[in-house]
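Visitor: I'd like to learn how to read a model like this one. Could you walk me through it, feature by feature?

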Amino acid sequence: MVKLKGAAKQQYIANLFTRIAGRYDLMNDLMTAGLHRRWKHQTARLTASGLKGKALDIATGTGDLALALSRC
């Protein structure tokens with residue numbers, strides 16, 4: 001396996017995420033039998049418990065955790 005560095009590595013990773021982005025949630029649904037949605041909802045509920053105000057989801061991915069937080 002070739003070890004990429006610098007710009008070549010960044011481009012490889014960007015291309016990888018571009019290819020899978022449209023199917024990411026579907027793959028999570030299939031791999032976890034939909035449980036990842038429950039995990040995210042529970043994480044949001046626990047995170048927001050007793051807190052008020054705005055939340056910032058760093059490296060949000062597809063945004064479903066941020067959406068779950070917005071519903072708490």
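Guide: Sure. Helices here are DSSP runs of H or I with at least four residues, numbered from the N terminus. Keep in mind that this is a predicted model.

Visitor: With that in hand, where is Ala-33?

Guide: Ala-33 sits in the loop between H2 and H3. Its phi is positive, about 55°, although Ala-33 is not a glycine.

Visitor: Is Ala-33 buried or exposed?

Guide: The general idea is a cut-off: exposed means over 50% relative accessible area, and buried means under 20%. Ala-33 has a relative accessible area of 70%, so it is exposed. Ala-59 also has a positive phi of about 55° without being a glycine. You'll find Ala-59 in the loop between H3 and H4, and it counts as exposed because its relative accessibility is 74%.

Visitor: Which residue takes a positive phi just after H3?

Guide: That's Gly-50, with a phi of about 80°. As for H3 itself, it covers residues 35–48, which is 14 residues. From first C-alpha to last, H3 reaches 20 Å, close to the 20 Å expected at 1.5 Å a residue.

Visitor: Let's try side chains. How many salt bridges are there?

Guide: The rule is a side-chain nitrogen of Lys or Arg within 4 Å of a carboxyl oxygen of Asp or Glu. By that rule the count is two. One joins Asp-64 and Lys-40, whose closest N and O atoms are 2.9 Å apart. This pair links distant parts of the chain: Asp-64 belongs to helix H4 (residues 64–70) and Lys-40 to helix H3, 24 residues apart. Asp-64 is buried, because its relative accessible area is 14%.

Visitor: And what does Arg-37 pair with?

Guide: Asp-29, in a salt bridge at 2.9 Å, N to O. Arg-37 has 43% relative accessibility, so it counts as partly exposed. Asp-29 is partly exposed too, because its value is 23%.

Visitor: What about helix H2? What does Asn-28 touch?

Guide: Contact is about heavy atoms within 4.5 Å. Leaving aside neighbours within four places in sequence, Asn-28 is in contact with Ala-33, His-36 and Lys-40. Asn-28 lies in H2 and is buried, because its relative accessible area is 13%. Now look at Thr-32, another H2 residue. Thr-32 is buried as well, because its relative accessible area is 17%. A polar atom of the Thr-32 side chain lies 3.1 Å from the backbone nitrogen of His-36.

Visitor: Which residues make the nonpolar surface patch?

Guide: To join a patch, a residue needs over 30% relative accessible area and no salt bridge, and nonpolar side chains are joined within 5 Å. Here the patch is made by Val-2, Leu-4, Tyr-12, Ile-13, Phe-17, Ile-20 and Tyr-24, and it covers about 650 Å². H1 gives the largest share, four residues.

Visitor: Can we look at a couple of those patch members?

Guide: Take Ile-13 in helix H1 (residues 6–20). Ile-13 is partly exposed because its relative accessibility is 35%. Tyr-24 is placed in helix H2 (residues 24–32), and at 37% relative accessibility it also counts as partly exposed.

Visitor: How far apart are Ile-13 and Met-27 in space?

Guide: They are 18 Å apart, C-alpha to C-alpha, with their positions 14 residues apart in sequence numbering.

How values were computed: Residues are numbered from 1 along each chain as its sequence is written. Side-chain values use heavy atoms; hydrogens and water are left out. Helices (H or I, at least four residues) and strands (E, at least two) are DSSP runs, numbered from the N terminus. The expected span of a helix is 1.5 Å times one less than its number of residues. Buried means under 20% relative accessible area, exposed over 50%, partly exposed in between (1.4 Å probe, protein chains only). Patches are made of residues with over 30% relative accessible area and no salt bridge: like charges are joined within 9 Å, nonpolar side chains (Val, Leu, Ile, Met, Phe, Trp, Tyr) within 5 Å. Accessible areas come from the Shrake-Rupley method with a 1.4 Å probe; for residues, only the protein chains shown count as cover. A polar contact is a pair of N or O atoms within 3.5 Å; within protein, one must be able to donate a hydrogen and the other to accept it, and residues adjacent in sequence count only if both atoms are side-chain atoms.
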